[in-house]
Amino acid sequence: GPSIPTRFGACFVAVVAGVCSRFRMTRRSGLWVPPATAAWMRASHLSQAGDVDLLDSSVVRYLDASTAKGAGGARSQGVKWWRDLARQWGIAECQALSVFASRADQLRVESYLMRYAVWLVDVRQTQVETARKYYYEVNSWHAFEHGEFTPGYGMPRLRALFKGMSELVPAPPRVRRRAVRTQCLALGLQRCFPRGPDADVANVRAALQVGFCGLLRAAEYSLQAGEAFVSRRHLTRSDVTFEFVDGQRLPVSATVMMRPCKKLRYAGAKTVPVYLQDGDFLRPVAALWDLFQFDPVPDEALSSTALFRFDGVPFSTAFVRSLVRMLMESVGEDPFAFGAHSLRIGGATAALAAGIPPVVIKVMGRWDSEIYEIYTRMSQEAARRAGVRIASTAFVDIEGEFSHEELFVSGHSYPAF
């Protein structure tokens, strides 16, 4: 009879033929799949390609998210005022023209926008640069929602109008916010929000101390006006980690992973660490630990719960401002000389008083992308040492220190580090 290899080869061919009769090769992937699976795959591709409503809704959602306040810019203040004025003037909020529009129509639309700009400056008493920003908001929203106002026509009279207003309308001096002093913040918290098991008190104590010692902008740990909480962008409970020393029950340091609200533009992930350590006056790590103990949330809700909240509502910048003013009034200071950014200014000024050079302060304050590259190479130990000095240094602010929350230094020599 046939040899064993021959019989094996015949059996193999028969098995392969039987298997192939039950399977079908897909055209694009080259994979062998059962006919039922191939039919399901074709139906699945057809249904996905044909679900245009789902795709269009996703397009709208992504486009809305491209603007700072969502909704394609419709929630911005400049757009709200433009729409209100359009109704009062009896004109349509949509003034999009075609590229073949007559010069008379182009000049008409330009006159509407010039009237809007003058209303902002003369009636609303808005600064010229702020009015220009509002116009840009309207222009971006209109292009997003309806199309360009006057394609092919650059509206030179509107540009000249803004230039003329800049020459004739005096710009008010920049409002200088006082720095919250380390010792005043500690005393104000002791008087107004003494440590205790109350959840809201724990949130307030943690937020203000973390904002001060972490040199955080107010918008980096609270919501701006009209902004909705988004866990991927704003601080959540899951962004905090504690470090312990063997044998100790309480943490010795903490790290908060954050996404800066400005200056650094990248994929949007929370990749910037803020290192915290307790000091003589302020104890941000202990305050954060109390927050997790006195206002606990389930593990599954850590990534969707705002880090700081009051009565279940995420902190807003307006709420932070009111807290700062309340504390400063309690220690005898003029409350209206302080704002939400006074904590960041105070933390930077404390660092300067502690002998930390301004360049290192800018590193810790996430000054810009070039400085951030240095920050990523800065050791955790060095960052925590600087954090201890910020939380431990009392100071008396004088003219020539940081003038506002952007950490500009004026009239101060750089000390040796």
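## Strands 3, 4 and 5

A residue counts as buried when its relative accessible area is under 20%. The model described here is predicted. In a regular strand the side chains alternate between the two faces of the sheet. Strand 3, residues 240–243, shows this alternation: V240 and F242 point to one face and are buried, while T241 and E243 point to the other face and are not buried.

Strand 3 pairs with strand 4 in the antiparallel sense, over four bridges. Within that pairing, F242 has A254 of strand 4 as its bridge partner. Strand 4 covers residues 253–258 and also pairs with strand 5, again antiparallel, over six bridges. A254 takes part here too, with L276 of strand 5 as its bridge partner. Strand 5 runs over residues 272–277, and five of its six residues are buried, so the strand is largely enclosed by the rest of the structure.

## Helix 10 and its cover

Helix 10 spans residues 284–294. Its buried residues are P284, V285, A287, L288, D290, L291 and F292. The elements that cover these buried residues include strand 3, strand 4 and strand 5, as well as helix 9.

## Nonpolar cores

The largest nonpolar core has 60 residues. Those touching the most other members are L185, L208, F212, L288, F308 and L343. Helix 9, residues 199–213, supplies the largest share of this core, with eight residues. A second core, separate from this one, holds 30 residues, including M114, L158, L161 and F162.

What does F212 contact, leaving aside its neighbours within four places in sequence? Its partners are V180, R181, T182, L185, L282, L343, G346, G347, A350, I390 and F395. Among these, L185 and L343 are also listed with F212 as core residues that touch the most other members.

## Cavities

A search of the whole structure finds two cavities of 30 Å³ or more. The largest cavity contains about 80 Å³ of space. Its lining comprises nine nonpolar residues, two polar residues and one charged residue.

The lining residues are E220, Y221, S222, L223, F229, H234, L235, A306, L307, F308, P314 and F315. F308 thus appears in the cavity lining and is also one of the residues touching the most other members of the largest nonpolar core.

Definitions and conventions
Residues numbered from 1 in each chain as written. Predicted model: local features only at pLDDT ≥ 70, side-chain atom pairs only at ≥ 80, totals over all residues. Heavy atoms only, no water. 1 Å grid on protein atoms, 1.4 Å probe; cavity = no way out; pocket = protein on both sides within 12 Å on 5 of 7 lines; lining within 4 Å. Points joined across faces, edges and corners; volume = space filled by probe spheres on them. Nonpolar A, V, L, I, M, F, W, Y, C, P; charged D, E, K, R; others polar. Buried < 20%, exposed > 50% of the residue type's maximum accessible area, 1.4 Å probe, protein only. Helix = DSSP H or I, 4+ residues; strand = E, 2+ residues; numbered from the N terminus. Pairing = 2+ DSSP bridges. Core = buried A, V, L, I, M, F, W, Y, C linked by side-chain atoms within 4.5 Å. Contact = heavy atoms within 4.5 Å.
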